[in-house]
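Work through the exercises below with the sequence and the model side by side. Try each task before reading its solution.

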Amino acid sequence: MYNAHIVYKFKEGMLEQGVSVWKEAVYSKITQAEGFIRVQLYTNGNEMMAIGSWEDKSYAENFMKTGVFKDLMDTFGDFLEEVPLNKTYELRYFESKDSSPKY
């Protein structure tokens, strides 16, 4: 499994608008993407972290080639304090008490 993390730092008071824009721009597209496993969105203060899990790296790369990230950044406009931080990880171990909860 391959995980891509993107951390967005928003200007003061812009987080909720950023969450709304992200959900509109990404959520419905990612859930239909080939190789998609799950997506999670976390917030803390003025930061938002999106974690996408994929069957392998090629699926995440193909999803990014659709232009979804570019479109998202265009829509964010002046919401962001700085350029998003992108990190990727290969899953080494996973344990879960229950199936994925939905919020």
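**Exercise 1. State what share of the chain is buried, then describe its overall build.**

Solution. Of the 103 residues, 33% count as buried (under 20% relative accessible area, with exposed over 50% and partly exposed in between; 1.4 Å probe, protein chains only). This is a predicted model: local features need pLDDT of at least 70, side-chain atom pairs count only at pLDDT 80 or more, and totals for chains, interfaces and linings use all residues. Residues are numbered from 1 along each chain as its sequence is written, and side-chain values use heavy atoms, without hydrogens and water.

Next, take the secondary structure. The chain has three helices and four strands (DSSP runs numbered from the N terminus: helices are H or I with at least four residues, strands E with at least two). Along the sequence the pattern reads β-α-β-β-α-α-β. The radius of gyration, taken over C-alpha atoms, is 14 Å; the globule rule (2.2 Å times the number of residues to the power 0.38) gives 13 Å for 103 residues, so the chain is as compact as a globular protein of that length.

Then look at the contacts (heavy atoms within 4.5 Å). Among those with a separation of 6 or more, 74% join residues 24 or more positions apart.

**Exercise 2. Work out the strand order of the sheet and find which strands stand at its edges.**

Solution. Start with the pairing rule: two strands pair if DSSP finds at least two bridges between them. The four strands form an open sheet in the order S2-S3-S1-S4, with antiparallel pairing. S2 (36-44) and S4 (85-90) are the edge strands; each has a single partner, so one side of each lacks a neighbour in the sheet. From one strand to the next, the twist averages 15 degrees (axes are lines fitted to C-alpha atoms, for helices over the stretch in contact; angles run from 0 to 180 degrees between N-to-C directions).

Now follow S3 (residues 47-54). Eight bridges join S3 to S2, and eight join S3 to S1. Trp-54 is the bridge partner of Phe-36 and also of Tyr-2. Ser-53 pairs with Arg-38. S2 and S3 form a hairpin with two residues between them, and Gly-45 in the turn has a positive phi of about 65 degrees. Six of the eight residues of S3 are buried.

**Exercise 3. Identify the buried residues of H2 and say what they pack against.**

Solution. H2 covers residues 57-64, and its buried residues are Tyr-59, Ala-60 and Phe-63. Down the helix axis they fall within an arc of 100 degrees (from the directions between the axis and the C-beta atoms), so they line one face of H2. Their packing partners are S1, H1 (15-30), S3 and H3. H3 (residues 68-76) lies across S1 (2-9) and S3, at about 15 degrees to S1.

**Exercise 4. Which of the terms buried, partly exposed and exposed applies to His-5, and which to Leu-41?**

Solution. Begin with His-5, in S1. Its relative accessible area is 18%, so His-5 is buried. Beyond residues up to four places away in sequence, His-5 touches Ala-50, Ile-51, Leu-85, Asn-86, Lys-87 and Tyr-89.

Turn to Leu-41, in S2. At 30% relative accessibility, Leu-41 is partly exposed. Leaving aside neighbours within four places in sequence, Leu-41 contacts Val-19, Trp-22, Met-48, Met-49 and Ala-50. Leu-41 and Ile-6 are 35 residues apart along the chain, with their C-alpha atoms separated by 9.7 Å.
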